[in-house]
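Good morning, and thank you for joining this group meeting. Please look at the structure as I put it on the screen.

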Amino acid sequence: MKIKEFLYSNTLLKVSSLLLAFGAWLIVVENVDRETFATFRSVKIDMKEVEDSISTLGLDSIMPEADEATVQVNGIMYAVGNLNKEDIEIVPDISKVTGAGVYELPLVGHIKGSNSEDIAVTGINPSRITVKFDTLHTKILPVETNLNGIKGESGYLIQDEMITPPAVSITGPEAEVSRVKRCEVQMTVKERLSQTYSKKSKIVLLDKAGNVIESPNITLDIQEATVTIPVLKIRSVPVELQFMNVPKNFPLDKLKFTLSNEKIEVAGPEESVEKYASVLLDHIDFKQMGPQSIYAFPLQLPNSFYNVENIQSIQVSLDSENLASRKFNIENIQVVNAPLGYNAQAMAQLIPDVEIVGDKAVLETLSPGDIIAEVDLRSNSEIETGQVLKPVKIYIPNGSLAWARGNYEVVVSIQQDANHP
């Protein structure tokens, strides 16, 4: 009974725990300084130090034979057990590199961090790597396009493609870069286009024979370029005349003009071209228009529009079959719209040799008394007093097909009204 109680007593448990702890401590003490081996695979070979060093020689590394290695280490057991492959640094020894060429570089390894004194690198496989060093050369080439299958829908105009960016910078070994003669974007457009088309595509390097060059040693500052194909809507638009200095109540619709082109084909962005009502020519000045008047107006379109037929100007001629001209001495000179508080009157008694152009039938019955010479003071922003030279508007009332050709002036006397408060 006493033996059973002793086996289950606290004293036995305490003694047992103490013995077990002492035994574990003896095991740790015995093995803590023991060495062990380990192998780490796929350890990255660090080329940064190489690049930084050889750049001072104007070189760059090309085609490293391998970028990973298998590493064996030896060290104290606890340190090796806590080691990761990221703690291992493998670098090529470039102490023998003096210039461009192909070198077999030994690989050197060491342990990073606090465990570096407890672990040593004992083996690296491969122990050497082959690296080519060469002088880098850079040149800039325009990016060309090689497009196939481009077709537009009926009624649409396809313009020349644009490419962005327009040039590429190519860097690599001088011998390889010198082989590159052109670079282009190759693309096939399958659909018929009715709107502007834009797409990115890979830039391809070509030699002088047009063969594609694929080299891991050549780098481009951009890998893709965007090709944009503008597509414009074509529309036939009427040509419209404009006039200036048209006499009062003049029947403009009765004048007949012959145009070299009454309509022209224009192309532009679809939304804009649909709203484009007419092509406006420059103004025809009635003061300069005679029976034989012929005009050549340059054709001007909005910046986003294209002249499909490449018509540079429109020839406009006045139909003079029933037109003639006569000269009159006009005595009916009126001054109108004098400001409140002022009196104004023409000093001239008549305006001589006024040329009137118009329908022959109208001119045959026209007399000087039918013609009005009018000085309008309404446009004056600031009234001038005294004798002032003013332009005269000359017209035939009642909507007659006749007008005055030339510029005419009279002296007008403008005085304040003494009776006006």
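How much area does the protein expose, and what share of it do carbon and sulfur atoms supply? The protein exposes about 25,400 Å², and carbon and sulfur atoms supply 48% of that area; accessible areas come from the Shrake-Rupley method with a 1.4 Å probe, and for residues only the protein chains shown count as cover.

This is a predicted model, in which local features need pLDDT of at least 70, side-chain atom pairs count only at pLDDT 80 or more, and totals for chains, interfaces and linings use all residues. Residues are numbered from 1 along each chain as its sequence is written, and side-chain values use heavy atoms, with hydrogens and water left out.

Let me turn to salt bridges. The structure holds eight salt bridges, each being a side-chain nitrogen of Lys or Arg within 4 Å of a carboxyl oxygen of Asp or Glu.

One of them joins K248 and E374, at 3.0 Å from N to O. K248 lies in the loop between β18 (231-244) and β19 (257-259) and E374 in strand β29 (residues 372-376), so the pair ties together parts that are 126 residues apart in sequence. Strands (E, at least two residues) are DSSP runs, numbered from the N terminus.

Is E374 buried or exposed? E374 counts as buried, at 5% relative accessibility, while K248 is partly exposed at 40%. Buried means under 20% relative accessible area, exposed over 50%, and partly exposed in between (1.4 Å probe, protein chains only).

Finally, E144, R182 and E184 are linked in a network of salt bridges.

Conventions
Helix = DSSP H or I, 4+ residues; strand = E, 2+ residues; numbered from the N terminus.
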